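Hi everyone, thanks for making time this morning. Have a look at the structure on the screen, and then I'll walk you through a few of its features.

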Amino acid sequence: MTRTPALEIAVQDPAGVRIAGEVGAARVELATALALGGLTPSPATLELSVEAAREADVEVHVLVRPRGGDFHYTDEEIAICEHDVRRAIEVGAEGVVIGALDARGVLDVDAMARLRDAAGGASVTLHRAIDVSPDPLATLDAAIALGLRRVLTSGGASAAIDGIDTLRALVARADGRIQIMAGSGVGAANAAELAGTGVDALHFSAKRTVTAEGGVRMGSASDGVGGYEVTDRDTALAVRAALGL
């Protein structure tokens with residue numbers, strides 16, 4: 001019998017945290033700029049989201065990622081991440097979500113150990129840096145050796161459903177030593193099939209876009225004012241329902 005995986009929702013603000021609590025998610029990954037894959041949230045967003053989480057009875061795990069692009073960071077960028085990890089735990093987050101690769105594209109074990117230690121024993125998740133590493137199974141082994149709590153992965157594909165065979169292999173390789181959480185493109189249409197791989201958790205954003213019209217260009221990525229994304233309660237509930245919850 002397939003066990004029901006825990007639910008983790010990627011949110012960007014306290015409102016998203018409250019929705020996660022309403023739909024029974026175990027935790028949130030708190031970030032900003034989800035359209036870029038997520039970046040470190042602001043101090044105010046962090047503090048108010050942790051406050052909201054206490055009332056919503058949901059854990060906050062903070063994405064610590066200093067910029068978009070690849071995961072090969074300079075010493076200064078790793079130092080920034082160390083400070084952000086410590087700050088997240090000091091404010092009351094239950095864990096952090098991190099990832100760093102070296103110039104070869106394999107897991108930067110030294111950088112990861114620095115960030116793990118900065119978390120001071122709190123839960124540490126390796127994010128989808130594993131999906132752009134040349135050998136996800138070897139990266140998983142390294143994460144286990146580092147003592148990390150879980151790995152967020154799409155099975156090396158752009159969407160988790162397309163990496164489902166690798167997800168099964170990662171679950172088998174983990175053998176209970178580390179949690180495997182499937183993420184990227186997870187929704188009501190594929191949640192049950194992904195749960196069938198034996199993953200410990202499903203990670204999804206349940207977001208919708210709020211559009212705004214304006215005649216003045218505000219950035220290189222948009223025409224005019226553009227839009228922004230928010231957590232959608234109905235979308236999150238649809239994933240729960242797909243799992244029979």
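I'll talk about a pocket, a pair of helices and some salt bridges.

One thing to keep in mind: this is a predicted model.

Let's start with the pocket. The largest one has a volume of about 530 Å³. Its lining is made up of 26 residues, and those nearest the centre are L34, G37, R128, S184 and H203. If you want to find it by secondary structure, look at β8 (201–204) and α8 (233–242), the elements that each give two or more residues to the lining. And what is the mix of residue classes in that lining? We have twelve nonpolar residues, ten polar and four charged.

Now to the helices. Two packed helices are described by the angle between their axes and the distance between the axes. For α2, residues 43–56, and α3, residues 75–91, the axes come within 10 Å and cross at roughly 35 degrees. The crossing of α2 past α3 is right-handed. On the α2 side, the contact uses L46, E47, V50 and R54, while α3 brings R87, A88 and V91. Sorted by class, that contact holds four nonpolar and three charged residues, with no polar ones.

Last topic, salt bridges. How many does a search of the whole structure find? The count is 13. Here's one for you to zoom in on: R27 and E8 meet through their side chains, with an N to O distance of 2.6 Å. R27 sits in strand β2 (residues 27–30) and E8 in strand β1 (residues 6–11), so to speak a link between distant parts of the chain, 19 residues apart.

That's my tour, thanks for listening!

Terms used:
Residues are numbered from 1 along each chain as its sequence is written. This is a predicted model: local features need pLDDT of at least 70, side-chain atom pairs count only at pLDDT 80 or more; totals for chains, interfaces and linings use all residues. Side-chain values use heavy atoms; hydrogens and water are left out. Axes are lines fitted to C-alpha atoms, for helices over the stretch in contact, and angles run from 0 to 180 degrees between N-to-C directions. Helices (H or I, at least four residues) and strands (E, at least two) are DSSP runs, numbered from the N terminus. A crossing is left-handed if the near helix is turned anticlockwise from the far one by less than a right angle, and right-handed if clockwise. Contact means heavy atoms within 4.5 Å. Ala, Val, Leu, Ile, Met, Phe, Trp, Tyr, Cys and Pro count as nonpolar, Asp, Glu, Lys and Arg as charged, and the others, Gly among them, as polar. On a 1 Å grid over the protein atoms alone, a cavity is a set of points where a 1.4 Å probe fits but cannot get out, and a pocket is an open set with protein on both sides within 12 Å along at least five of seven lines; lining residues have an atom within 4 Å of a point. Grid points are joined across faces, edges and corners, and a volume is the space filled by probe spheres set on the points. A salt bridge is a side-chain nitrogen of Lys or Arg within 4 Å of a carboxyl oxygen of Asp or Glu.
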